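Hello,

Here is the structure I promised to pass on to you. Please have it open while you read, and follow along as I go through what turned up.

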Amino acid sequence: MAPEDIKKLRQELGCTARELAGALGIEQETVLAWEHGDLFPTKRFVGMMEELRRKGPEAIPRKKKKQANASPLQVLADPELWRLFRKLLSHPELRSAALKLADAYPDPTDAPPS
């Protein structure tokens, strides 16, 4: 796999060198060395990259960026919140466990107005 092929793969997957390296279980510097032609990937990594290409952008694990001070509307727009909410509604034992866990956290409505 040539350096241009690796750059093209990253473009197709819409990922950074760091994200591609994470998906392959290697260091970012190795991916950058491949792209510069300083090193070349082994057959194992070529196969892994071909599999990532086949699976598409969803195959790349991405870290979610923290939303510091997200507004209530932003929080409500988060699909993960609604996924959790559906699970809480469907599973009474999960709801019970979540309530026990929540006891350790303050209720934001109890906080004095700022």
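Before we start, one term: a residue counts as buried when its relative accessible area is under 20%, as exposed when that area is over 50%, and as partly exposed in between. Please also keep in mind that this is a predicted model.

With that cut-off, have a look at Phe45. Its relative accessible area is 13%, so Phe45 is buried. Trp34, at 3%, is buried as well.

These two residues also belong together in another way. The model has 2 aromatic pairs, and one of them joins Trp34 and Phe45: the ring centres are 5.7 Å apart and the planes meet at 50°, so this pair is tilted. Trp34 sits in helix H3 and Phe45 in helix H4 (residues 43-55), so the pair ties together parts that are 11 residues apart in sequence.

The other pair is made by Trp82 and Phe85, and this one is edge-to-face, with 5.6 Å from centre to centre and 80° between the planes. Both residues are in helix H6 (residues 79-90), 3 residues apart, which means about one helical turn separates them. Are they buried or exposed? Neither word fits: Trp82 is partly exposed, with a relative accessible area of 37%, and Phe85 is partly exposed too, at 40%.

Back to Phe45 for a moment. Arg44 lies over the face of its ring, at 4.7 Å from the ring centre. Helix H4 also holds Lys43, which is exposed because its relative accessibility is 78%. If you would like to try the distance tool, take Lys43 and Lys8: they are 35 residues apart in sequence, and their C-alpha atoms are 18 Å apart in space.

Now for the helices themselves. Two packed helices are described by the angle between their axes and the distance between the axes. Helix H1 (residues 3-13) packs against helix H3 (residues 28-36) at an angle of about 125°, and the axes are 6 Å apart. H1 and H3 are therefore oblique to each other.

Which residues of H1 and H3 meet? From H1 come Pro3, Ile6, Lys7 and Arg10, and from H3 come Val31, Trp34 and Glu35. This contact is made of 4 nonpolar and 3 charged residues, with no polar ones. You will recognise Trp34 here: the residue that pairs with Phe45 also takes part in the contact of H3 with H1.

Enjoy exploring, and write back with any questions!

Best wishes

How values were computed
Residues numbered from 1 in each chain as written. Predicted model: local features only at pLDDT ≥ 70, side-chain atom pairs only at ≥ 80, totals over all residues. Heavy atoms only, no water. Axes fitted to C-alpha atoms, helices over the stretch in contact; angles between N-to-C directions. Helix = DSSP H or I, 4+ residues; strand = E, 2+ residues; numbered from the N terminus. Parallel < 35°, antiparallel > 145°, perpendicular 65-115°, else oblique. Contact = heavy atoms within 4.5 Å. Nonpolar A, V, L, I, M, F, W, Y, C, P; charged D, E, K, R; others polar. Phe/Tyr/Trp six-rings, centres within 6.5 Å; stacked < 30°, edge-to-face > 60°. Buried < 20%, exposed > 50% of the residue type's maximum accessible area, 1.4 Å probe, protein only. Lys NZ or Arg CZ within 6 Å of the ring centre and 35° of its normal.
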